[in-house]
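Biologist: I am new to this structure. Please take me through one part of it closely: the place where the two chains meet.

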Protein chains: 2
Amino acid sequence: MAEFDLIELIKRRCPKARADVRLGIGDDAAVVAVPAGHELVCCVDTLVAGVHFPLDTDAADLGWKSLAVNLSDLAAMGATPAWALLSLTLPTADADFVSRFVDGFAELAALHQLDLIGGDTTRGPLSITVAVHGFVPSGRALRRDAAGIGDGVFVSGILGDAAGGLRCLQAQLAKDSAMDAACATLMARLNRPSPRVAAGLALLDLAHACIDVSDGLLADLGHVARASGVGIEIEEDGLPGSTALFECFDVDTARALQLHGGDDYELAFTVAEAQIAAMQAAMSKAGCRVSRIGRVIAGAGVHVLDRNGDRKHIQGKGWEHFA
Amino acid sequence: MAEFDLIELIKRRCPKARADVRLGIGDDAAVVAVPAGHELVCCVDTLVAGVHFPLDTDAADLGWKSLAVNLSDLAAMGATPAWALLSLTLPTADADFVSRFVDGFAELAALHQLDLIGGDTTRGPLSITVAVHGFVPSGRALRRDAAGIGDGVFVSGILGDAAGGLRCLQAQLAKDSAMDAACATLMARLNRPSPRVAAGLALLDLAHACIDVSDGLLADLGHVARASGVGIEIEEDGLPGSTALFECFDVDTARALQLHGGDDYELAFTVAEAQIAAMQAAMSKAGCRVSRIGRVIAGAGVHVLDRNGDRKHIQGKGWEHFA
C-alpha cells in the first residue's frame, strides 16, 4: 500500500465534524480558526515501540493511547481539545495495522469532538507522534507554577492502576501468571486511559497549579513544587486506589505503584482553602471523583507522610526516559 | 544525561523572542496567542535516520533541515511562521548531538522569528518530528486546489540541486568520487534548504494554487492538478537549474533530477494571466527568483513538453515512502 493510500485510509476513518477547520488533511498544512478571546494550547508526545509499549500491543489500543496521553496534557491546562496532527512511522505500509490504529484513535477523538487535520506517514521503526491543539479563555490556562502555600493538594480518579497493569502484562509475558479479572481491569487502564478533559475544564478559575500524572505522582508533584517554589506533603493513606489494585498486589507494592508508577493520566492539582467547596461541587458536576491527598507548604520537594504524620524515606522515582 | 537536563539544554539554546508566547517550554502544554483576524496554520513532518538522512549526517544540518522542511509547508500556505514543537527520539542521551542539533535548529528559527515552545524527548531509534505553527489573514491561505485553467505555472528559485547533492553524497559514500566545489554546492542545498517563507507571503492574493516541491516537481504538481481538477503542461527547457547541477551531471540526468528529485523546498504555484506582472514585482521585492515553467490546461495529469512542444513520455515518479 502506498503512502497516499494510507493517508486516504486515515482520512476516511477519522471524524471531520468541526466547523472551525478551514482546511484539513490533504494540503501542505492545515488551517483552523481559534475562537476569539481564546489562546491556543498545544503539545506533542511520541510513543516508541519497545520503549513506551510492547511490540505486540493491539493497534487500536495504541491509536487510543497515543491520543489520550496528549489530551491528558491539554486537560492539565484546562483546555478544550480541538485538532490533532498524527505522524506515523511504520516498518511497512501495513493497511490492517493502520486501520485498527485509526479506529482506536478515532474512537477517542469522537468522544472529545476532536478532528484529525493533518500528519505525516513515513517508513522506519514503529513510532507514533501526536500533536494536539485546543484552546483556553485568554489568560486562564492552568499551570504548574501557581501552587500557593496552604493550598490543598488533590488528585482526580484513582492512582496506580496503569502501573499495576504493566506489572500484570510483564508477568503474563513471562508466563508466570494467568490473566484474572482484576489484572484485566488494570491492563485496560494501562491501554485505554481516559484523559480528564471535563475535570480540567471544571478546574478553570478554581485550581491554582495543575499537572497530569504521567511520570508518576511524586515526580509530577515534584515538577509542581519546583515550578511554584514550594514544598508538598502527601498523606500516603489518602491516595485513592482501586479494589483491583489491592487484589493484585500487597499494600506496600500497591503504594509504590501509586507513588512512582506513572501512566495514570489523572490530574493532580492544588486549590486554595477558600475554593475547595466550589472545586468539589464543580468536579462532582463533571462526574469526576476527587481526593484530597496533601497540602502545599513552605520549603521544597515532595514529602510522603505515614499515618502518624511522620515523613517517610522514599526510594525510587518516576519515569525517566534516559535513566 | 537525564531527560530533564536535555530539555534544559534545548530550552537554553533556543530563541525566546516572541511576545505572543504566553507559556513556553516546561509545562504540560504551551499557550500562545494567534493574532486577531488570522487563522492558525499547522503541519508536522518526521525525519527518520537511514530513511530521510544518512546516519552520519551532521547534527546541526539535521536541526536546520527538520525545521526547514516544515517551514517550507507553511511557506506554501502563505503563512507567517511563529511557533514549533520538537519531538526528538534518540538512542542515547547524547548531549553533544543535542547541542549541535539545537544550534542548527535555532539558527534557522532565529531567521524566521520562530520560538520553540515545547516538545518531547524519548529514547528509541533516531528520528525527529517537528510540528510548526504560523498564521494567515483569515480566509487567505494559499491552497493546492485553486489552480485555474489558463493560469501560468511558476516555480521559485532553482530545481534539482538537492537531488544532485544526494547523488554526490551517495557517490562519496561509495568512495568513487572526490568532493569538488560543484558537488559541495549541491550538498549544501540538500542539507540546508532555505524555506521560501518571504516568497509565500508575497504570493498571498496573487497566486491561485501553491505547493512546496518536496516529493519532486512532477509529483507535487500532480497533487495540484488532482486537487484542482485540471491538467498541467511543463516546458522542460523552462526549468531553472544551477550551474553546479549542469557541471556535475549530463543534461538528461540533470533534467530527471529536476523533474523527479524532490527535496527542493521551492514553491510551485499558478497565477492568472492578469496577475502575473504584479506577482513578478512582488517576488522581485521579496528577493526571490521566479521562472515560468508551464501552464494550467483543461484535463488531468502533468505533462512535460520538449522544445518542439510535443509531450514526452516520462518514466519514474516522486518520492514514495513505502515504494
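Modeller: Here is a look at the interface between the chains, followed by the one between the domains of chain A. Keep in mind that the model is predicted.

Start with the chains. Chain B brings 59 residues to the contact, and chain A brings 60 residues. Together they bury about 5,000 Å². Carbon and sulfur atoms give 60% of that area.

Now the polar side. Six salt bridges link chain B and chain A. One of them joins B:Glu39 to A:Arg22, with the closest N and O atoms 3.0 Å apart. There are also 17 residue pairs in polar contact between the chains, both residues at pLDDT 80 or more. On chain B, strand S3 (residues 38-48) supplies the largest share of the side touching chain A, with nine residues. That side of chain B holds 31 nonpolar, 14 polar and 14 charged residues.

S3(B) also pairs across the interface. Strand S2 (residues 30-32) of chain A runs antiparallel to S3(B), and three bridges join them. A:Ala30 has B:Cys42 as its bridge partner.

Next, look inside chain A. The assignment gives domain 1 (3-137) and domain 2 (152-305). Their centres, over C-alpha atoms, lie 25 Å apart. Domain 1 puts 23 residues into the contact, and domain 2 puts in 18 residues. The area buried between these domains is about 1,600 Å². Three salt bridges cross this interface. A:Arg192 forms a salt bridge with A:Asp61, at 2.8 Å between the closest N and O atoms. Helix H2 (59-77) is among the elements of domain 1 that touch domain 2. H2(A) gives the most to that side, 12 residues.

Note on methods
Residues numbered from 1 in each chain as written. Chains lettered and ligands numbered in written order. Predicted model: local features only at pLDDT ≥ 70, side-chain atom pairs only at ≥ 80, totals over all residues. Heavy atoms only, no water. Contact = heavy atoms within 4.5 Å. Buried area = accessible area lost by both parts, 1.4 Å probe. Salt bridge = Lys/Arg side-chain N within 4 Å of Asp/Glu carboxyl O. Polar contact = N/O pair within 3.5 Å; in protein donor to acceptor, adjacent residues only side chain to side chain. Helix = DSSP H or I, 4+ residues; strand = E, 2+ residues; numbered from the N terminus. Nonpolar A, V, L, I, M, F, W, Y, C, P; charged D, E, K, R; others polar. Pairing = 2+ DSSP bridges. Domains from an automatic or database assignment.
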